[in-house]
Amino acid sequence: MGDSLRQLQLKELELLKLFQKICAEHNISYFALGGTLLGAIRHKGFIPWDDDIDVGIPRPDYDRLCKILESEKLGENVRFFTFHSNEEYIRYFGHLEDTSFKIVRHDKMKAEETYAWIDLFPLDAMPNNSILRKLKVYQVLLLRAMFRFSGFDRLVDVNKKGRPLHERILVWVGLHTPVQKLFNTRKCLKWLEKALTSSDYEKSNYLVNAMGAYKFREMFHKKYYGEGKMYPFEDTEIRGPIDYDFVCTQLYGDYMTPPKADDRNHHALETVTNDESQN
């Protein structure tokens with residue numbers, strides 16, 4: 001994508017600054033997740049080949065933020081929705097987008113027209129008891145698999161690199177059987193939310209971004225998040241977990257060494273329009 005990827009990153013950086021402004025005004029806590037956190041630590045900005053921003057928000061603040069974003073005027077081209085507010089949206093997490101920058105994603109079986117975006121993931125509580133926590137992991141993984149099958153052609157990147165064997169088997173099942181017809185996506189989303197919000201957030205010591213790319217590798221004790229810490233990100237700063245080293249090591253291992261070019265996953269994006277470039 002070259003220059004168009006950088007244009008997309010800069011548009012998403014504008015969205016990030018708007019998001020941060022709203023969080024500051026309403027005392028909303030958030031943390032950079034996954035590749036966004038890694039980019040802040042390793043590159044002091046976007047990973048050069050990355051094309052989105054992911055942030056995690058503790059569940060109580062996430063629920064409050066969703067109501068704020070759905071009720072406030074965000075700007076001429078900015079909109080926010082969740083699966084509760086938009087019947088066509090089929091993902092578990094919130095989606096903040098700028099419609100002035102249109103793109104097409106080719107990472108799924110069906111191409112998807114969308115816009116420059118930030119994904120807002122709820123950080124949900126997990127049980128403190130290790131046995132109950134393990135049982136909940138299995139419950140959520142089952143519900144997650146059902147959900148992914150329900151929208152297989154729109155949700156699953158069948159060409160994603162580095163999948164473990166069991167995931168490759170599940171992808172094969174999705175490709176070669178009518179399993180997608182067995183599940184209703186919206187019911188699956190509601191079952192997932194019910195399961196993931198069943199633990200008391202205030203009493204729990206563990207948080208998870210269960211619907212992110214890394215599933216339960218993104219489960220951490222609250223102490224690793226702490227109150228957060230600001231890290232350089234492009235021409236601004238972004239809040240991340242206070243112990244970024246523990247988090248990044250659990251997710252990536254040797255996180256300061258970039259992967260080989262062939263191992264870099266992305267969303268296979270095509271830039272369609274950028275309104276600013278046409279002015």
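Angles over 145 degrees between the N-to-C directions of two axes count as roughly antiparallel. In the predicted model considered here, helix 4 (residues 130–150) and helix 7 (residues 185–196) pack at an angle of about 160°, with their axes 9 Å apart, and the two helices are therefore roughly antiparallel to each other. The crossing in which helix 4 passes helix 7 is left-handed. On the side of helix 4, the contact is made by Lys136, Gln139, Val140, Leu143, Arg144, Met146, Phe147 and Ser150, which meet Thr185, Cys188, Leu189, Trp191, Leu192, Ala195 and Leu196 in helix 7. Divided by class, the residues of this contact comprise ten nonpolar, three polar and two charged.

A further helix pair is formed by helix 1 (residues 3–26) and helix 3 (residues 59–71), which pack at an angle of about 115° with their axes 11 Å apart; that angle makes helix 1 roughly perpendicular to helix 3. Here helix 1 passes helix 3 in a right-handed crossing. The residues that meet are Phe19, Ile22 and His26 from helix 1 and Arg64, Leu65, Ile68 and Leu69 from helix 3, and by class the contact has five nonpolar, one polar and one charged residues.

Helix 1 and helix 3 also take part in the lining of a pocket, the second largest, together with helix 8 (222–225), these being the elements that give two or more residues to that lining. The second largest pocket has a volume of about 390 Å³. It is lined by 19 residues, of which Ser29, Phe31, Pro58, Asp61 and Glu227 are the closest to its centre. Helix 1 supplies the largest share of the lining, three residues, and the lining as a whole has ten nonpolar, four polar and five charged residues.

With regard to enclosed space, a search of the whole structure finds one cavity of 30 Å³ or more, and the volume of the largest cavity is about 30 Å³. Ala32, Leu33, Gly34, Leu37, Glu218, Phe220, Tyr225, Pro241, Val247 and Leu251 form the lining of the largest cavity, to which helix 2 (34–42) and helix 9 (244–252) are the elements that give two or more residues. By class, the lining of this cavity has eight nonpolar residues, accompanied by one polar and one charged residue.

How values were computed
Residues are numbered from 1 along each chain as its sequence is written. This is a predicted model: local features need pLDDT of at least 70, side-chain atom pairs count only at pLDDT 80 or more; totals for chains, interfaces and linings use all residues. Side-chain values use heavy atoms; hydrogens and water are left out. Axes are lines fitted to C-alpha atoms, for helices over the stretch in contact, and angles run from 0 to 180 degrees between N-to-C directions. Helices (H or I, at least four residues) and strands (E, at least two) are DSSP runs, numbered from the N terminus. Angles under 35 degrees count as roughly parallel, over 145 as roughly antiparallel, 65 to 115 as roughly perpendicular and the rest as oblique. A crossing is left-handed if the near helix is turned anticlockwise from the far one by less than a right angle, and right-handed if clockwise. Contact means heavy atoms within 4.5 Å. Ala, Val, Leu, Ile, Met, Phe, Trp, Tyr, Cys and Pro count as nonpolar, Asp, Glu, Lys and Arg as charged, and the others, Gly among them, as polar. On a 1 Å grid over the protein atoms alone, a cavity is a set of points where a 1.4 Å probe fits but cannot get out, and a pocket is an open set with protein on both sides within 12 Å along at least five of seven lines; lining residues have an atom within 4 Å of a point. Grid points are joined across faces, edges and corners, and a volume is the space filled by probe spheres set on the points.
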